[in-house]
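Biologist: Could you take a close look at how the helices towards the end of this chain pack against one another, and describe each contact with the cut-offs that define it?

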Amino acid sequence: MSKKNITVSVAGCSLVDCVYAKVDFNSEAFRKYSSITQGDGGLVPGQLVFMESLEKFTGVPADQLLKELTGNAPVSGRNVGGPAVVAAINAAQLCCNYPAKVKFYGVRGRDEGSDFIYSIVSQTPLDTENYICVDAPTPSTQVLSDPNHHNGKGERTFINVVGAANTYGPESLGKDFFDSDVIFFSATALLPKLHDQLTGPLKQAKASGKVTMVATVFDFRNEMRDPNGRWPLGESEETYKYIDLLAVDWDEARRLSGEEELEKIVNYFATRGVSSVCITHGAKNFHVYSDGRLFKKVDLASWPVNELVNEDLAKYPEQRGDTTGCGDNFAGGLLASLVMQLSEGKQPGELDMRTAAAWADASGGFACFCLGGTYLEKAPGEKYAKVKRYCDYYLANQ
């Protein structure tokens, strides 16, 4: 059966990840700079904080903070980070056997960080023609990784420098952005202008008959503004009715919905028009729901993570990377399966959530064997084969 050409436009966060792989979240320095009250600018395992907010909270300059938190250790590695570009790269790699083009829309500076990102991204199948440069620092994140946290499953904390991302808004997308079959916005909370005006682009995409997907990131800016109220997404709650597939983690789901119980969280998104929801929860079960408009109907369910990944991590500890980018690759796996199924001729309402979840979970699990979220293939199809092994296991055993 011939496959349909599918194009994807991805807009959102891209940055340089500077990974410190052996930080102890129980150390005196980490405890000293940890959050006291919600949204105060301190460190929280698994969450993101802006560097300027952390400096204000602690009264300590960035360079000194990093020396204390890392024990003056050198950077373990640098990689391309940012939930949007990492997800997009994963999707482009996994769709190697399909007539699909994944196009990235984002912003970087004109500096060494920008050169580094491009040197990595240019080795992937991602289309970067619309990855623009401006006269501002390339966004970056210091990733503090504690591999022993959560009983050896690992956790990260992110310190973000927004830089050039402050300049990127809906007007930066251009008209060609909406010509694709699938429109994906990811981690727009790290691009404040785009995030605050997200309703319009999503509405335009749906009016053009496109499939839309949104993946979120911890919204530290709105957490600081109001630690108790719901985080806004776009101009109003109207945004949600233009989203076909929403991918969030547990904390993001709680704060966007303002709810604490799973059923109430999913009900919040569903009653506001989101068609399908996937909520990750680290190494715990993830949760899925579909009303039947994009994926076939799935009542709210909790599905386990991939046991084969856990077996391999235990069997081959020397191959362990870190958990940076697991959630981003999970979203990229969802996107990849969405593209594969559309390319195979399935129509909205016919897509299979279980298959999409298997590719997502396998992608997130495979990221545990990499330092940073971006895996560079030795040849096209290499990552597809490695991730498919986990995907096949999941489908056979879930």
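**Helix packing around H13 and H14**

Modeller: Helix H4 passes helix H13 in a right-handed crossing, where right-handed means that the near helix is turned clockwise from the far one by less than a right angle, and left-handed that it is turned anticlockwise. This is a predicted model, in which local features need pLDDT of at least 70 and side-chain atom pairs count only at pLDDT 80 or more, while totals for chains, interfaces and linings use all residues. Residues are numbered from 1 along each chain as its sequence is written, and side-chain values use heavy atoms, with hydrogens and water left out.

The two helices span residues 83-94 (H4) and 326-343 (H13), and their axes come within 7 Å and cross at roughly 45°. Helices here are DSSP runs of H or I with at least four residues, numbered from the N terminus; axes are lines fitted to C-alpha atoms over the stretch in contact, and angles run from 0 to 180 degrees between N-to-C directions. H4 and H13 are therefore oblique to each other, the term left for angles that are not under 35 degrees (roughly parallel), over 145 (roughly antiparallel) or 65 to 115 (roughly perpendicular). On the H4 side the contact (heavy atoms within 4.5 Å) includes Pro83, Val86 and Leu94, which meet H13 residues among them Asp328, Leu335 and Met340. By class, this contact has 9 nonpolar, 4 polar and 1 charged residues, with Ala, Val, Leu, Ile, Met, Phe, Trp, Tyr, Cys and Pro counted as nonpolar, Asp, Glu, Lys and Arg as charged, and the others, Gly among them, as polar.

H13 also packs against helix H14 (residues 353-366), at an angle of about 145° and with the axes 7 Å apart, and this crossing is right-handed. Met340 of H13 takes part here as well as in the contact with H4; Phe330 and Leu334 are other H13 members, and the H14 residues they help to meet include Trp359 and Asp361. The contact of H13 with H14 divides into 8 nonpolar, 7 polar and 1 charged residues.

H14 in turn passes helix H15, again in a right-handed crossing. H15 covers residues 382-397, and the axes of H14 and H15 come within 8 Å and cross at roughly 125°, so these helices are oblique to each other. Trp359 and Asp361 appear on the H14 side of this contact, along with Arg354 and Phe366, while H15 contributes residues including Lys383, Tyr384, Tyr390 and Leu395. The contact of H14 with H15 comprises 10 nonpolar, 2 polar and 5 charged residues.
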